[in-house]
Every structure is written in C-alpha cells, then in structure tokens.
Amino acid sequence: MAEIEDLEALQERAAVAVDMAQAAGAEHAWASAHSSRSIQCHVRDGVLERMQHSHSRQLSVDLYVDGRYFSHSTSDLRDEPLRAFMAEAVELTRALQPDPFRSLPDPELYRGRASVDLDGLDEGLASMDTDTRVELCQRMNGRIAGKPGVLSATSVVSDGRFGSAHASSNGFEGGEEGTFVSTSASVTLQDEGDKRPEGDMGAAARHLADLPDADWIADEALARARARLGASKGPTKTTTMVVDRLAAGRLLGALLAPARGWAVQQGRSFWAEKLGQGLVSKVLTLTDEPLLPRAMSSRLFDGEGIAARPRTLIQGGALRSLFIDTYYARKLGVAPTTGGSSNLVVKPGKGDLAALVADAREGVYVTSWLGGNSDSTSGEFSLGLRGHLIEKGKLGAPVGEMNVTGNLLELFSRLVKVGGDPWKHGSLHSPTLVFEGVSFSGA
Amino acid sequence: MTAGTAMLTAPAFLVGCGSRPARTATVAPAATAAPDNPFLEWFAIDEARLRRVLAELGARGADRGELYFQHTRSNSISMEDGLISSAHAHVDLGVGLRVVVGDQVGYAYTEDLGEEAMIAAARSAAAIAHGGASPAPGAFTAAHLLSKSGGFYRLEVPWSDVAVDRKLPIVRRVAELAKAGDPAIDKVSVSWGDEDERVLIVDLDGRMSLDRRPMTSLYVSVTAARGEDKQSNSSNLAARQGVEWYTEERLAKVAREAVDRTLVLFDARQPPAGELPVVLAAGASGILLHEAIGHGMEADFNRKNTSIYADMIGKVVAPEFVTIVDDGTLPHERGALNVDDEGVPTERTVLVDHGVLASYLHDRISAKHYGLSRSTGSGRRESFRHVPLPRMRCTTMLDGPHTREEIIASVEKGVVAETFTNGQVQIGAGDFTFYIKNGWLIENGKITAPIRDCNIIGNGPDALRRVTMAADDSKLDTGGWTCGKDGQGVPVSQGLPTVLVDRLTVGGTHG
C-alpha cells in the first residue's frame, strides 16, 4: 500500500487507476493518489490536552464515458478492490446523461512546466520527534498560561507531510510532496462582568525555520487579548477604515469569489464581462504567484494539470484575469487560465500600521471579522468586526458589536493606501489596507 | 427511548441503556454470529481482533477510550443549464481511536482496518497516558443497537440501495420547476446529496453501539435577469429522510422559495444602519439561539472557563416565557441522532427553562468533569478523523404567549429577519452575528419594503434579556444547516417562534 514516504508508489497507483478505468470502458480518465500524515499537539494551561495523529490516503478518479462525466473516490488503494471500484464507477457513469462541455484539458496546457525548485519539503520537520513538538507547544504556553487575568491559554503545534500524484489518459503525469507546519496560541481573559475576551495569533509555513518565533506568537496572542479588555460597542458613522494585514484576507476573498468561471458563467459575478475595466482603486495590484519557493500554496501545475504560471488578476485597479478551468472555459467559449488561486500577493505600498494609523488621524482599525457575508452577483456585503477606534492618529479604545456594510466594488474603489508590511505566513500576502468613507453601524 | 433486551442481530433492536452492564446481553462469539452481526459485515472485523486492539489502546491506562468505526457512502449530483454537469461518489471507511485520561485526549485514526494498522494507531493514541494497563473487556455488551421498527430515522430503502436513475428525475424536476417559476429566471443550478453512514462504537468497557444515519439534501439556486440587472439567491432542503420524501409538493415549494427570494432582491435595499428592534420570523431564525446561546452552552467551553455562560447555571438569563431546548430525538430532523458519537443515547436537553439557565450540553469528558452520572448525548464528531466534542443537535425555542401580528404591530421602526446564510459567535466575549439574506422593514407597526444582505451583531446574554416577545408559532427549519467548531462540521437543525429582540445592531448603509 502506498505510503507518503514513497511518491513513486503513489505515481504507480495513479497510473494503474487510469489503466483500470480504460480497461473497464472509460474513454478518458484522470486519477489522483494522495497520502498524508500529520500530528497536532494542544497544550492548555500547562497540560498536554490533546495529541492527535492523522494518517490519510485517498484515490480519486474522473471518468469520461460515452460523453458522460463522473468523479469517484475511495480510501482503498489495493489492486483488487480498486478494480472492482472502477468497474462499478464506469457503470455508474453510464447511467448519467452526456455533457458536451466535459473533457480533459488540452494536453498542450500540461506543457511548459516551470523548472523551479519550490522547496516545499522540510526534511528536518518530517523527522521531528513528538517530544520536540510538545516542548515547542509548552514553550508558547509557558509565556501566557497563569499570567494575571488569564482564565485559559491554549497553544497548538500542527505539522505534517503529504504526497500526491496524478496521471491522465491524455498524457499528464506529475506529483508533489511537501511538509507544512503551523503554530498558534489563544488566550481568554476575565473582563468586567461576565465577558471573557479572547485573543489569538497563528502562522503557517512549509519549513519550520520560516515560522515567526514561537515566543512572539504567544506574546502577540496575549497582547491581542489584553487589547480587548473593556471593549464597548462602536459608533454608527462613516469614517476611514484601516484593516489589519491579517484581516485583509476576508475582504480580498469576498472580492475574488466571483472571479471564478462558475460564477461568471452562472451569471453570479459582478466581474462578468469586465475584463480590462478599471473598477477598483488604482492602488490595488493583485497577482497569483504559484512559483514562489517555500510559499504555502506554491505548485508547478494546478488541480487539472495545467502548468502553473504567475498571473496578474488586478493591475492598477483594472481586472486582468479570471480563474477559468477547462469546463467553464468551454461553456464560456474562452481560453482556460487556471481553476483557482495559489499564493495571492497584494503589491505592497509604503508604511507600517503605526504610520498608516497616524496618517488616517480618525477612523476604525479592524483587527478581525465576525460573521457576515457578501452577494457575488450584486457585490453587496455586510461584515461584523472588532478593533479599535483611531483617535488623533493613534490607536484608541477597543470596540466591537459593529458592522461594516456596503458594496464590494465601491468599497475597493475607496481603497486609498496599501501598506509596505505584507504578512507572509499564509497563502495570502497582504499588507495593511486603508479605505476612506466606509459605513459603520454600532451604537 | 425504551429499554429492553439487547440482541446483536442485523438489523437489530433499539435499546436504550444509560448504565452498564445490567440488562444487557453478551455478544455471541463472532464466528457463529457472522451472518447476523452487522459490524462484521460492515467493517470486516471480529471480536478477537477488537479485543486485541482495545488491549493496546488501554495498555498505558485510561479513564476511558473507544474505537469509532465509520463507513459512509455518499453521492452528489449537480445540474446546471439543463445538463447534469457533475456527479461524485465517495466511499469513506476508517476507525478513530481515542484514549481519555482526565481532560487529556490521545487520538489517532486509520483508513486501514487491518490489525497491524489499527494496533499502530492504538499505540499512537495511547501515548498520552502513563499509567498501568486497563484490562481489555472480557465480554462485549450491546449498549445501543439498531431497531427494526424504531429509531428516529430508519428508512424503508437505504440510500445505498437507491440507483442514480431514481435521483436524476428529482434533480431535473426541481430545475424545471424553478426555471418555469418566472420569465426572469435566467439560470438554474441544483445540487443533490445523499449519504448512508454506518457507525460502530466500542469502548474499553466493551460497550457496543451501532447506528445507521441517512442524510439527504437538495439545493436550488437561481439567477434572474431584468435588463442589465441580475440577482441570485437560493433555497434548500435537508433531512435524515429517504427518496420518497421528495414529493412533487415539496419540490414545488423549494423551487418557489428560490424564485421568490431572488425576485424580491430586485427591489430590496440594505437597511438603515444602527440599533433597531429585530423581529425574527418563525423557523430558520433559530440561528439566533444557535449563536447567541447554543455554542456558549457547550460544556467544553465552560469547563475550560472560556464561555461567557461559565458562571451562569441557575441564573435568570431571559424572560419567564423563554424555554430553549436542544433535542436529538426529533424524527428525521437533520440534527437527530439515535446515539451520539461516544455511544450515549441522545436526549432532549433543556438549556433554558422558563428563563433560567438549566444545563450545558455535555460529552463524556465534561460530564465527568462536572460530576454528572451521564452526558447529555451531545458528544459529536464530523467523522472518524475527528475527536468528539459537545455539540448542538436541533436547537429550538418553545412557543411564547404572543402572536406574530401583535409582535409586528408593536414595532415602530425595525426589521424582520426572514432568511439567513450564516452566523458566528465569539464564545468568551459573547458577541454573535447572523447574516440576513432576505427581510423586511417595519414602519409604524406594518411591514413595508424588502431588505437584503445585512449582518446583525449582538451580545448573547444581552440579546436573550432583550427577547421581549415570543409568538405561538414555533417551527423547525428544514434547511441544511451545518455547524462548524474546531474545524469540524456536523449537521444541525434549528427552529424558533416569531420573536422580538428589542435592540440589535443592524448592518446597513447611511443614505
């Protein structure tokens, strides 16, 4: 049975699955074999609270039979069960109806894979022993548990290793293996009355050495919790909004959700037919960067096998590219790009949080969001938030129980500044963002 | 649930049994029981192997521990533009192994049910413990088995036996109904899901529980166009029901809802910003309970001192007419369970009794922590890959003394919340939100214009105190709600009568 230590074995399983699918009557097939192992360690208030070991594997296959398409997956990768699974899968596919838009990607798109070493595997991490994880977790916890006013402090270290391999009947072959690690800490404090404000911080990387210092993570979680003490309901007003670099992802995610082929083709996208148009602020330039060494979501090919390349999504406020996979490209009658994002990078500007807050003079600094949603067709959104008032160019009292509401395209047309302080410990690299004239509702 | 004699036959009897081992029977040796023993058939394991794995799991001592075997067959079908655009079939099979020592948990899982893999996983899980070996069970006892006639969601025809050609006409029909719903409807997409899940839970004491859990869902979304203006919205159905549940009437209703909820958006606006009275329409508005109090009552947050409700049991938290329950025993509801994921029979738990905070939702760890004789049957997990945690099931408020008409008439300026997409809560600070997709303005006691897309934010205990009226029209929502916590999603249901919260912060624009 395939183990993650053996990418070749996974490659062999994927190739065998394609052969079996074709032997069972499929014209075309795409198969992926995936295996992963991970350990998650939780320490709460100085005690090892949970140690969780995961070992997972899966095989999935996309079948194209008589113009019909069906995907199937199983966790049983052995020869005989796989053969039976495939025979049943092909039969099931025949029961569907033909969909003329379904096909494997044009094999031309598989070619031209970048010859860059993504360096996504940390051998040291892969061989780290359990005690080291617990020690790291305890070290973070030791800086926060039992401190004045702390009701509860939890630290988590999670890491793992994965391998995946893909093969297709029209010539794709590829695999990748890698490691990931994340550290996080959360703190609950006693406030006036029954309120127990929380603060947290976390980061993720492919190599252990690329994580921020664990002590900093713990200290930052405590500082963020302490900053919430005495929080009150914020005001109802229209003012400047400064968004923490860690909170920027929620807004950018909402902005990009309708940039996918599915949304465009189904008439559920405010980006539809807007390629080339400058709809948001000129200070926004956003790229998809799949080839960054050691970045969280780097890849040489996407989920369909299309060779990955950097892509500008928004340049100086103008829409330059959408996420279009093979299926929706055929439905829309356009060329495919890629089905989804890898590492999203906001082109940095100048200044850190303190400088941007000083410039803003008055407003609201958002540290995190609570609930909320957006409409990808109309762009209307409304999000709950917590943060601080900005008074005379400095961070002031903590506020919560507020919403920010409006239209996404209009909001991003009010983006006036992008900081020079991007956060790089995740799949989105965004600096601090500053918007003017934003509608808040509170007391 | 009724007590009775336990027998391990397939499909076996439903037997409630809170305490072990009185009135429970010993499982016959696997070799002779093979044809009748459902766990053998489902998971291809025998009693001897179970005993060896349990011995390894308890080798370093444990207060408690269990094996959670799961086999799930799930199918999904999508239709777009009149074509079946994708279908997916998945088989998930594996076992999760847990060791509990006090509040500490060691956990591992494997998708390989071979003895070697299970023993290795048992060793990983047991590493958290440092004591002497717990004895492996001498005999297995059937604590909770399946019923031939009972159970909260037994199906005549399980989903595993329903062929795809019975599902396609349902998907096609609901798409046709939605497309024909109005000339403005431009696009229709339908997502179908069905699932047949079987679980077997065996703990270190040898208690064995079985459950077979069906689930199905149908999601209809539409885009309508009027000139350049486009709007989209959706409606959905979900329950532990079988294929016969999808009657023409039910399909027509969900299609109609999707169309109506979309068309109204052409004229809807975001409401004025600020604090307003909020009327929660009966049904899906149960999201208020889920976020404002339900999560805060999950006992893990309380034993860890991180919930705003941690010191409030026995205190008055709402007006006298407010009674809130979390119920796992409502037949065929999405949040129903015969037995929870720790093998404890589920129940109806009163969270707030006539305004007084009555009980947390417990798993076995928190029940022990609080010195209770048993949990509330609230230990749930997403799958064998996850540890069980205290979770909600079907959360509802019982009828109040007012009527919907009285409530609307009492509001001078406010909003009615009717459909929702999502909500969230901060357990410690108590701040919670829910997002209104469709609603209405109330002006001078009358419903006037439609509103849309606004987030509501409030503080849990404050919002409960501000429930000033509740009507006599409590109902459950049939939508497919999934509750997420600690990275795990579990199906839940919710319901509410028409309720007035006299002040919440409404996300809106200022113009």
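Helices and strands here are DSSP runs, numbered from the N terminus. With that in hand, let's take a stroll through this structure, which is a predicted model.

**Two unusual backbone angles in chain B**

Start in the loop between strand E1 (64-80) and E2 of chain B, where Asp81(B) has its place. Asp81(B) is not a glycine, yet its phi is positive, at about 50°. Is Asp81(B) buried or exposed? It sits in between: a residue counts as buried with 20 or more other C-beta atoms within 10 Å and as exposed with 12 or fewer, and Asp81(B) has 14, so it is partly exposed.

His332(B) is another residue other than glycine with a positive phi, this time near 65°. Look for His332(B) in the loop between strand E9 (324-327) and strand E10 (348-353) of chain B. His332(B) has 17 C-beta neighbours inside 10 Å, so it counts as partly exposed too.

Here are the two side by side:

| Residue | Phi | C-beta neighbours inside 10 Å |
|---|---|---|
| Asp81(B) | about 50° | 14 |
| His332(B) | near 65° | 17 |

**Where the chains meet**

Now for the place where chain B touches chain A. On the chain B side, 72 residues are in contact with 60 residues of chain A. Which element gives the largest share of the chain B side? That would be strand E2 (residues 83-101) of chain B, with twelve residues. As for the make-up of the side of chain B that touches chain A, its residues divide into 33 polar, 24 nonpolar and 15 charged.

E2(B) also pairs with a strand across the chains. Strand E3 (residues 68-74) of chain A runs parallel to E2(B), and four bridges join them. If you want a spot to find in the view, try His72(A), which stands opposite Ala89(B) in E2(B).

**A helix pair in chain A**

Over in chain A, helix H1 (residues 7-23) packs against helix H2 (residues 79-94), with their axes 9 Å apart and an angle of about 45° between them. That angle is why H1(A) is oblique to H2(A). The crossing of H1(A) and H2(A) is right-handed.

Which residues make the contact? From H1(A) come Ala17(A), Met20(A) and Ala21(A), while H2(A) brings Leu82(A), Arg83(A), Met86(A) and Val90(A). Sorted by kind, the residues of this contact of H1(A) with H2(A) are six nonpolar and one charged, with no polar ones.

Conventions: Residues numbered from 1 in each chain as written. Chains lettered and ligands numbered in written order. Predicted model: local features only at pLDDT ≥ 70, side-chain atom pairs only at ≥ 80, totals over all residues. Contact = placed C-beta atoms within 7 Å. Nonpolar A, V, L, I, M, F, W, Y, C, P; charged D, E, K, R; others polar. Pairing = 2+ DSSP bridges. Axes fitted to C-alpha atoms, helices over the stretch in contact; angles between N-to-C directions. Parallel < 35°, antiparallel > 145°, perpendicular 65-115°, else oblique. Left-handed = near helix turned anticlockwise from the far one by under 90°.
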